[in-house]
Amino acid sequence: MPIAFHPDPADAAVEGADTGEAGTPAPARDEHGASSDQEQHRAAGTPEPSAPARRRDPLTERILARGDASVSSVTYASESDGDQLDLADRQALRRVAGLSTELEDITEVEYRQLRLERVVLAGLYTSGNIEEAEVSLRELAALAETAGSEVLDGVLQRRAHPDPATFLGKGKAAELADIVAATGADTVIADGELGPSQRRALEDIVKVKVVDRTALILDIFAQHAKSREGKAQVELAQLEYLLPRLRGWGESMSRQAGGRVAAGGAGMGSRGPGETKIELDRRRIRDRMAKLRREIKAMTPGRDAQRADRKRHQVPSVAIAGYTNAGKSSLLNRLTSAGVLVENALFATLDPTVRRATTPDGREFTYADTVGFVRHLPTQLVEAFRSTLEEVADADLLLHVVDASHPDPEGQIRAVRTVLGEIDGFDVPEVIVLNKADIAEPETIARLRSQVGDSAVVSARTGMGLEELRELIAERLPRPAVEVDLVVPYSRGDLVSRVHSTGEVLAEEHLMDGTRLHARVDEALAAELHGAA
């Protein structure tokens, strides 16, 4: 049974009163369109009564309500987050309403930049229940707001399979067109991936621009990518998405003639169709994609060299991964004072950040913040960011950050584990970090802890539970393999320093001949210590 959002019947009565329907005469208007009642209020200097607000049904209110999954206009940054200059720079550019020059006839343009302003959401669900579908649509609304648009309304439909022609079906697509016209929207966002023919057919019905969930996520990534490698990865994903969606135009076709045409004597069969415009565009896109892959491959040795340097010095690595907007950057700032950008938005940070830290017993290790995940993450992005995801695969410990206040935290955990499972040879010990415990329900936290293995309950905003998390990380990090008990001469203070920084000191005593160390170190440092002793 399809579920759509329509005005309340009371609204129709209000509209009928204004137009003179149902036997009620419409108020008289002057030449400027103002009613006599409005003129009386203006003459008396009293405020005009406000028009009745358009009411939505309860389902619409639930989907468009600004809950934990939606994006708030207020970003709560703590002192541990630093000055947040990147956030100030991002928010320095604001949209101005009413300046859109979008073409009314969408068929006049072949390549359209994604400019989302006033949108209507359209989703369908083939399995599960209405609550899960609402969570998905609320997440789509948060994605749309992160891209800079205003969500006006939404439509949910239950179908066994998406319609191969228009995604929603011809009848529901017509109802969607009525909602678009009533709300004044200029864009429809489908909660799924549309085929080229589905998008064109739906555009022909609703008469406005139609984009899908994949294009929306790619647009957010393009806005937030800052590093050279991040921009190259996003552009590669966008081109992979665009390539099968090109369309050609009859007036743009070119024809080339061969044989003796140049000499003025073309023979039979010499005039053949040349390279059409769409073929030329596809070739250019493939050439650009090949160049981007070479550039990304050329950037890989730099990251490999950094990882090799950490491995050579036996520096353990802790990767922070999780669902987007779960609080990974806030947690990293709390643990290391990294000053990474923090914003209550989906995919606020894309570029990985590595920071050095120490365990309570003095061992050094690194934190690596990674890109966030989301349900139905486009495969183009997974492929493009595979080199970045390798940072997670090479870690010694994975901190899987989960938003405990989200309506569906179990779904977030499944989505992240699905993406991580696509990494070849991924086998990293996992610790579930239940973040936002200050606003989460205690019953939800208890339920989640009973379902997962190692876990910690924290609040990156207030600092609650961080000491317990640090102790848990110290317990789960690999310890040096070789235990030594020897005297190091005072002339080799550099070895003592390395034992403190990369090893685990069990006991230390200063003697006449040198420093007596009882510690656990790696094999290379153990050999140097024995040579010096």
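Arg375 comes out as buried, at 13% relative accessibility. This is a predicted model, so please hear every value I give as computed. The side chain of Arg375 meets that of Asp408 in a salt bridge, 2.8 Å from N to O. Arg375 sits in the loop between strand 9 and helix 12, residues 379-384, while Asp408 sits in the loop between strand 10 and helix 14, so the pair ties together parts that are 33 residues apart in sequence. The two also belong to a network: salt bridges with shared partners join Glu139, Asp191, Arg213, Arg375 and Asp408.

The salt bridge count is 23. One of them links Arg138 to Glu134, with the closest N and O atoms 3.8 Å apart. Those residues are four apart in helix 5, which means about one helical turn separates them. Are they buried or exposed? Arg138 is buried at 15% relative accessible area, and Glu134 is buried at 5%. Another salt bridge joins Arg476 to Glu475, at 3.5 Å between the closest N and O atoms; here Arg476 is partly exposed, at 33%.

Next, the strands around helix 5. Strand 1, residues 118-125, runs parallel to strand 2, and eight bridges join them. Between these strands the chain passes through helix 5, residues 130-146, in a β-α-β crossover that is right-handed. Within the pairing, Gly123 stands opposite Leu156 of strand 2. Strand 2 covers residues 150-158, and seven of its nine residues are buried.

Now the open sheet. It has six strands in the order 8-9-7-10-11-12, with mixed pairing. Which strands stand at the edges? Strand 8, at 353-358, and strand 12, at 455-457, each have a single partner strand, so one side of each has no neighbour in the sheet. On average, neighbouring strands are turned by 25 degrees against each other, ignoring direction. Strand 8 pairs with strand 9, residues 364-369, in the antiparallel sense over six bridges, and Thr358 stands opposite Glu364 in strand 9.

Helix 14, residues 409-420, packs on this sheet and touches strand 7, strand 10 and strand 11; its direction makes about 145 degrees with that of strand 10. Helix 16, residues 466-476, lies across strands 7, 9, 10, 11 and 12, at about 150 degrees to strand 10.

Last, aromatics. The count is one aromatic pair. Phe365 and Tyr367 form it, edge-to-face, with 4.9 Å between centres and 70 degrees between planes. Phe365 is buried at 2% relative accessible area, and Tyr367 is buried at 2% relative accessibility.

Technical notes
Residues are numbered from 1 along each chain as its sequence is written. This is a predicted model: local features need pLDDT of at least 70, side-chain atom pairs count only at pLDDT 80 or more; totals for chains, interfaces and linings use all residues. Side-chain values use heavy atoms; hydrogens and water are left out. Buried means under 20% relative accessible area, exposed over 50%, partly exposed in between (1.4 Å probe, protein chains only). Helices (H or I, at least four residues) and strands (E, at least two) are DSSP runs, numbered from the N terminus. Two strands pair if DSSP finds at least two bridges between them. A crossover is right-handed if, with the strands pointing away from the viewer, the path from the first strand over the helix to the second runs clockwise. Rings of Phe, Tyr and Trp (its six-membered ring) pair if their centres lie within 6.5 Å; planes under 30 degrees apart count as stacked, over 60 as edge-to-face and the rest as tilted. Axes are lines fitted to C-alpha atoms, for helices over the stretch in contact, and angles run from 0 to 180 degrees between N-to-C directions. Contact means heavy atoms within 4.5 Å. A salt bridge is a side-chain nitrogen of Lys or Arg within 4 Å of a carboxyl oxygen of Asp or Glu.
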